Amino acid sequence: MHNMLYEIPFILMICAAGVWTRSLSVSGGIAAFLSGGMIAAAFEWRGLFVLGVFFLSSSLLSKYKKQEKKKVEEIVAKGDRRDWQQVAANGGPAALFSFIYLIQNGSIWQLCFCASIAAANADTWSSELGVLSKGKPFSIRTFSTVEKGTSGAVSFMGTLAGLMGAICIALAAMFLFSSLEVRQMLFIAAAGFAGNIIDTLLGASLQVEFYCKKCGIKTERKTHCGSRTEKIKGIPFINNETVNFISPFFAGLLIFVLFQ
C-alpha cells in the first residue's frame, strides 16, 4: 500500500462537498469516504479519477431536469440524495475488487474494478435519462407499457444511455491506466452494459414491488399515502440496493471469467 498523504484529504473534500450539495447524506458521505479510501489504496489517484467520473456524472444527472422526475420519486424508494446503502450498493463491488487487488496484486482485479464502475455508471445513466423519454417504457417481464421508474422497465433512451455510461467509464479507464489495451477497454464496456442488463432482469423478476391501495400506484416503498403498501412481486430482501450491488459485482465477475 502506498502513502496516501494526498489522496485522503482529497477524498474527504469530495465527500464533504457531496454532503454539502445534498448529493450525499452524512451516512452516504462516510460510506463514500471508506470505499474511496480502499480504491485509492489499491489504484491510487487513477482509481479515484475513475470513481470520480461515475460520482460526478451520476450526481449531475440526478439533478438534471429534477422537476420532471418528481413523479418517478413516488415509485422508487430513494430520492436523489444517496445514503450509505446506495453508496455501498454502487461502490461496494469496486471496493471489494480493490481489496482483493491489495491482497493478490493481479492485473485482473484492476479490470474487474473498472467493469464494476462501468456497470454502476451504466445503471445510473440509464435510470436518470431513461425516465425522461417521451413515451412510456415497457416491462421486459410482461412486455406491456408501465410507468416510468418501474423496476425492469426499458426504453430506447434508457438503453442507449446505459451503453454510453459503460463506454464512458471504459474510455476513462483506458486513458488513465496505460496498461489497458483497446480489447480490454471494449470488454470493460461490454461487461458494464451486461451488468446493466442484469439489473433490469432482476428488477423485472426478483426485485420486490408493492402496491398502494389508496392511490393505486405500484412502488418500491413499503409505505405510501401514509399507510403500509401490499407486496405484489419479488422477494422481500431483494430491493433496489440489492440489485444495484449484484449488477456491478456481476460485471466484475464476468471480466474475471473471461480473462482467466
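Contact here means heavy atoms within 4.5 Å. By that test, among contacts in the protein between residues at least 6 apart in sequence, 70% join residues at least 24 apart. The model shown in these views is predicted.

**Figure 1. The whole chain combines 8 helices and 7 strands.** The radius of gyration is 18 Å, close to the 18 Å that the globule rule gives for 260 residues, so the protein is as compact as a globular protein of that length. Along the principal axes, the C-alpha trace spans about 55 × 35 × 30 Å. Half the chain is covered: 50% of the 260 residues count as buried. The exposed surface comes to about 12900 Å². Carbon and sulfur atoms supply 67% of that area. The protein carries 24 positive and 16 negative charges. The mean positions of these two sets are 6 Å apart.

**Figure 2. Residues 184-204 and 242-259 are two of the spans that UniProt lists as "transmembrane region".** The UniProt entry is unreviewed. It also places this feature at residues 38-61 and 153-178. In the model, residues 184-204 are 100% helix and 0% strand. The end C-alpha atoms of residues 184-204 lie 30 Å apart. Residues 242-259 are likewise 100% helix and 0% strand. For residues 242-259, the end C-alpha atoms are 26 Å apart.

**Figure 3. Glu7 sits in helix 1.** Helix 1 covers residues 7-20. Is Glu7 buried or exposed? Glu7 counts as buried, because its relative accessibility is 9% and the cut-off for buried is under 20%. Another glutamate, Glu44, is 37 residues away in sequence. The C-alpha atoms of Glu7 and Glu44 are 7.5 Å apart in space.

**Figure 4. Arg22 occupies the loop between helix 1 and helix 2.** Its backbone has a positive phi of about 65°. Arg22 is not a glycine. Helix 2, on the other side of this loop, covers residues 26-63.

**Figure 5. Leu51 belongs to helix 2.** This leucine has a relative accessible area of 15%. It therefore counts as buried, since the limit is under 20%. Which residues does Leu51 touch, not counting those up to four places away in sequence? They are Gly36, Ile39 and Ile117. Ala40 is 11 residues from Leu51 in sequence. The C-alpha to C-alpha distance between Leu51 and Ala40 is 9.7 Å.

**Figure 6. Asn105 lies in the loop between helix 4 and helix 5.** Helix 4 covers residues 84-104, and helix 5 covers residues 107-130. Asn105 is not a glycine, yet has a positive phi of about 55°. Is Asn105 buried or exposed? Asn105 is exposed, because its relative accessible area is 55% and exposed means over 50%.

**Figure 7. Asn121 is a buried residue of helix 5.** The relative accessible area of Asn121 is 0%. Neighbours within four places in sequence are left aside here. Asn121 is then in contact with Val53, Phe54 and Ser57, among others. Gly165, Cys168 and Ile169 are also contacts of Asn121.

**Figure 8. Thr124 also lies in helix 5.** Thr124 is buried, with a relative accessible area of 5%. What does Thr124 touch, not counting residues up to four places away in sequence? The partners are Phe54, Ser58 and Arg82. Phe54 also appears among the contacts of Asn121.

**Figure 9. Pro248 sits in helix 8.** Helix 8 covers residues 240-259. Pro248 counts as buried, at 0% relative accessibility. Residues up to four places away in sequence are not counted in the contacts that follow. Pro248 touches Ala89, Asn90, Pro93 and Phe97, among others. It also touches Ser116, Ala119 and Ala120. Asp123 is 125 residues from Pro248 along the chain. The C-alpha atoms of Pro248 and Asp123 are separated by 9.1 Å.

Definitions and conventions:
Residues numbered from 1 in each chain as written. Predicted model: local features only at pLDDT ≥ 70, side-chain atom pairs only at ≥ 80, totals over all residues. Heavy atoms only, no water. UniProt positions renumbered as here; feature names shortened; annotations may be inferred. Helix = DSSP H or I, 4+ residues; strand = E, 2+ residues; numbered from the N terminus. Buried < 20%, exposed > 50% of the residue type's maximum accessible area, 1.4 Å probe, protein only. Rg over C-alpha atoms; globule rule 2.2 N^0.38 Å. Areas by Shrake-Rupley, 256 points an atom, 1.4 Å probe, with all protein chains shown as cover. Lys, Arg positive; Asp, Glu negative; His and termini not counted. Charge placed at Lys NZ, Arg CZ, Asp CG, Glu CD.
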